[in-house]
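Biologist: Could you walk me through this one? I'd like to go over its open and enclosed spaces, its core and its odd backbone spots.

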Amino acid sequence: MTIAVAKLRVEDKLYQNRYLVDPGRPHIKVRPHQWPSTNLLALTRVCPAKCYELNEKGQVEITVDGCLECGTCRLLCEKSGDIEWNYPQGGYGVLFKFG
């Protein structure tokens, strides 16, 4: 007897959430940098929503659409000044479908 196991990816679960963008007012900003710090580079790997990536100049950029507001980037980089993090304005940000 063979049991079929559904393979569910994290991306499939993240797709259930919705994100309401506040145009022109991102809640996270990466401060300008010549070279990214070690922690800023780490965000390209540890952000659960994969919001951080390297651009063609080797600098870290963020796309706040889809941010889970989990605070990972805040813990890694806010104290060092690599990012500026604020809560989104009321009514904007992540909208969790199941609570």
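What follows is a short chat about this predicted model.

Biologist: Let's start with the largest pocket: which residues are closest to its centre?

Modeller: That pocket holds about 210 Å³ of space. Strands E1 (18-20) and E2 (28-30) each put at least two residues into its lining, and the lining divides into nine nonpolar, four polar and four charged residues. Of the 17 lining residues, the closest to the centre are Asp22, Arg25, Pro26, His27 and Pro88.

Biologist: And the largest cavity, how many nonpolar residues does its lining have?

Modeller: The largest cavity has about 70 Å³ of space. It's lined by 13 residues, with Cys47, Cys67, Leu68, Glu69 and Cys70 nearest its centre. By class there's one polar residue and one charged, and the nonpolar count is eleven.

Biologist: Which elements give two or more residues to the largest nonpolar core?

Modeller: Nonpolar side chains tend to be buried together in soluble globular proteins. Here the core has 14 residues, and the ones touching the most other members are Ile28, Leu40, Leu43, Tyr52, Cys73 and Ile83. The elements giving two or more residues are E2, helix H2 (38-46), helix H3 (72-78) and strand E5 (83-85).

Biologist: What does Cys73 contact, once its neighbours within four places in sequence are left aside?

Modeller: Cys73 is one of the core residues that touch the most other members. With those sequence neighbours set aside, its contacts are Ile28, Leu43, Tyr52, Glu78, Ile83 and Trp85.

Biologist: Trp85 and Tyr87 form an aromatic pair; which of the two is buried?

Modeller: The structure holds one aromatic pair. Its rings are 4.9 Å centre to centre with 80° between the planes, so it is edge-to-face, as that angle is over 60 degrees. Tyr87 has a relative accessible area of 62%, so it counts as exposed. Trp85 has 6%, which is under the 20% cut-off, so the buried partner is Trp85.

Biologist: Now the backbone: where is Lys50, and is it buried or exposed?

Modeller: Most residues other than glycine have a negative phi. Lys50 has a positive phi of about 55° although it isn't a glycine. It sits in the loop between H2 and strand E3 (52-54). Its relative accessibility is 55%, over the 50% cut-off, so Lys50 counts as exposed.

Biologist: How does Glu69 class by relative accessible area?

Modeller: Glu69 has a positive phi too, near 55°, and lies in the loop between strand E4 (60-62) and H3. Its relative accessible area is 26%, in between the 20% and 50% cut-offs, so Glu69 is partly exposed.

Terms used. Residues numbered from 1 in each chain as written. Heavy atoms only, no water. 1 Å grid on protein atoms, 1.4 Å probe; cavity = no way out; pocket = protein on both sides within 12 Å on 5 of 7 lines; lining within 4 Å. Points joined across faces, edges and corners; volume = space filled by probe spheres on them. Helix = DSSP H or I, 4+ residues; strand = E, 2+ residues; numbered from the N terminus. Nonpolar A, V, L, I, M, F, W, Y, C, P; charged D, E, K, R; others polar. Phe/Tyr/Trp six-rings, centres within 6.5 Å; stacked < 30°, edge-to-face > 60°. Buried < 20%, exposed > 50% of the residue type's maximum accessible area, 1.4 Å probe, protein only. Core = buried A, V, L, I, M, F, W, Y, C linked by side-chain atoms within 4.5 Å. Contact = heavy atoms within 4.5 Å.
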